[in-house]
Amino acid sequence: MNRTRARFVALWSCSGGTHAEDVYRMLARCYMEPARHYHTLTHVRRCLRHLDLARDSIPEPDAVELALWFHDVIFVPGAQDNEQRSADWFRRQAGERIRACDRICAMILATTHSGIAAELDTRFVCDIDLAVLGASRSRFREDGRRLRAERPDLDDRAYDLHERTILRGLLARPRIYLTDFFYTRCETRARRNLSWRLGLPSPE
């Protein structure tokens with residue numbers, strides 16, 4: 001059993017879940033769908049590395065981790081309800097057994113990044129999902145290429161407009177990152193990366 005699988009099985013089992021091996025196989029199969037280039041298990045593993053760095057600052061790290069495992073389990077390019085369907089998928093697997101199921105579903109839904117989460121655990125889920133924006137310029141560029149590959153339904157002009165709308169919205173926030181941990185760690189580089197992508201002067 002590889003480390004990623006072993007980590008999920010241990011978490012699922014200690015959280016009250018059953019059939020952990022079967023759930024992992026279904027989860028991994030979803031993340032390996034051919035339409036995916038960015039929203040893969042690689043993204044999940046990167047999220048888990050950020051989680052581990054911040055673990056001591058997170059009130060309920062196991063709940064946050066479960067949300068991260070499932071937040072992109074359903075991904076249909078261009079669909080507006082991927083997060084809702086991912087939360088529903090998690091709920092079906094969890095049944096009545098996983099503790100904090102409703103909270104975890106709310107965390108998954110928050111990864112639409114359409115509002116400002118009030119709960120600290122949910123803020124950590126959102127920040128970890130966006131931590132890639134604060135990566136090195138080369139990683140940021142590669143992630144952008146992979147995200148573009150997931151939208152073959154859009155021509156270059158339409159995709160550019162779509163991407164710019166999202167990035168401008170993030171850049172317009174008073175803070176991209178809602179937790180002090182990720183604000184300190186990622187905010188400056190994320191703003192520089194977004195400004196570079198949008199052709200704006202780099203912030204000081």
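This section describes the pockets, the cysteines and several individual residues of a predicted model.

The largest pocket has a volume of about 1300 Å³. Its lining comprises 40 residues, of which His39, His113, Leu147, His162 and Ile166 are the closest to the centre of the pocket. Two or more lining residues come from each of the helices α5 (82-94), α7 (120-130), α8, α9 and α10 (180-198). The greatest contribution is that of α9, which provides eight residues. In terms of residue class, 16 members of the lining are nonpolar, 13 are polar and 11 are charged.

One of the residues closest to the centre of this pocket, His113, is situated in the loop between α6 and α7. The phi angle of His113 is near 60°, a positive value in a residue other than glycine. With a relative accessible area of 18%, His113 is classed as buried, since the limit for that class is under 20%. A positive phi is also found at His19, where the angle is near 55°. His19 belongs to the loop between α1 and α2, and its relative accessible area of 59% places His19 among the exposed residues.

His162, which is likewise one of the residues closest to the centre of the largest pocket, is in contact with Arg151. Arg151 occupies the loop between α8 (137-149) and α9 (156-171). The relative accessibility of Arg151 is 14%, and this residue therefore counts as buried. Beyond its neighbours up to four places away in sequence, Arg151 touches Pro77, Gly78 and Tyr159 in addition to His162.

The second largest pocket encloses about 170 Å³ of space. Its lining is formed by Arg46, Arg49, His50, Leu53, Ala131, Val132, Gly134, Ala135, Ser136, Arg185, Cys186 and Arg189. Helices α3 (41-54) and α10 each supply at least two of these residues, and α3 gives the most, with four. By class, the lining divides into five nonpolar, three polar and four charged residues. Helix α10 thus contributes to this lining as well as to that of the largest pocket.

No disulfides are found in a search of the whole structure. For Cys14, the nearest cysteine sulfur is that of Cys101, at a distance of 15 Å. Cys14 has a relative accessibility of 45% and is therefore partly exposed. The sulfur of Cys105 also has that of Cys101 as its closest cysteine partner, but the separation of 4.3 Å is too far for a bond, because a disulfide requires sulfur atoms within 2.5 Å. Cys105 is buried, its relative accessible area being 5%.

Both Cys101 and Cys105 are contacted by Phe90, a residue of helix α5. The relative accessibility of Phe90 is 0%, so this residue counts as buried. Leaving aside residues up to four places away in sequence, the other contacts of Phe90 are with Trp12, Phe70, Ile98, Ile104 and Ile108. In the case of Ile104, which is 14 residues from Phe90 along the chain, the C-alpha atoms of the two residues are separated by 8.7 Å.

Asp102 is located in helix α6 (residues 101-110). Its relative accessible area is 54%, and Asp102 is accordingly classed as exposed. The side chain of Asp102 makes a polar contact of 2.9 Å with the side chain of Arg91. Between Asp102 and Arg5, which are 97 residues apart along the chain, the C-alpha separation is 24 Å.

Ser15 lies in the loop between α1 (3-14) and α2 (20-31), the loop that also holds His19. Whereas His19 is exposed, Ser15 is buried, with a relative accessibility of 7%. The side chain of Ser15 reaches the backbone oxygen of Leu11 at 2.8 Å. Further along the sequence, beyond four places, Ser15 touches Leu66, Arg97, Ile98 and Arg99. Ile98 is thus a contact of Ser15 and also of Phe90.

Key. Residues are numbered from 1 along each chain as its sequence is written. This is a predicted model: local features need pLDDT of at least 70, side-chain atom pairs count only at pLDDT 80 or more; totals for chains, interfaces and linings use all residues. Side-chain values use heavy atoms; hydrogens and water are left out. Buried means under 20% relative accessible area, exposed over 50%, partly exposed in between (1.4 Å probe, protein chains only). Contact means heavy atoms within 4.5 Å. On a 1 Å grid over the protein atoms alone, a cavity is a set of points where a 1.4 Å probe fits but cannot get out, and a pocket is an open set with protein on both sides within 12 Å along at least five of seven lines; lining residues have an atom within 4 Å of a point. Grid points are joined across faces, edges and corners, and a volume is the space filled by probe spheres set on the points. Ala, Val, Leu, Ile, Met, Phe, Trp, Tyr, Cys and Pro count as nonpolar, Asp, Glu, Lys and Arg as charged, and the others, Gly among them, as polar. A polar contact is a pair of N or O atoms within 3.5 Å; within protein, one must be able to donate a hydrogen and the other to accept it, and residues adjacent in sequence count only if both atoms are side-chain atoms.
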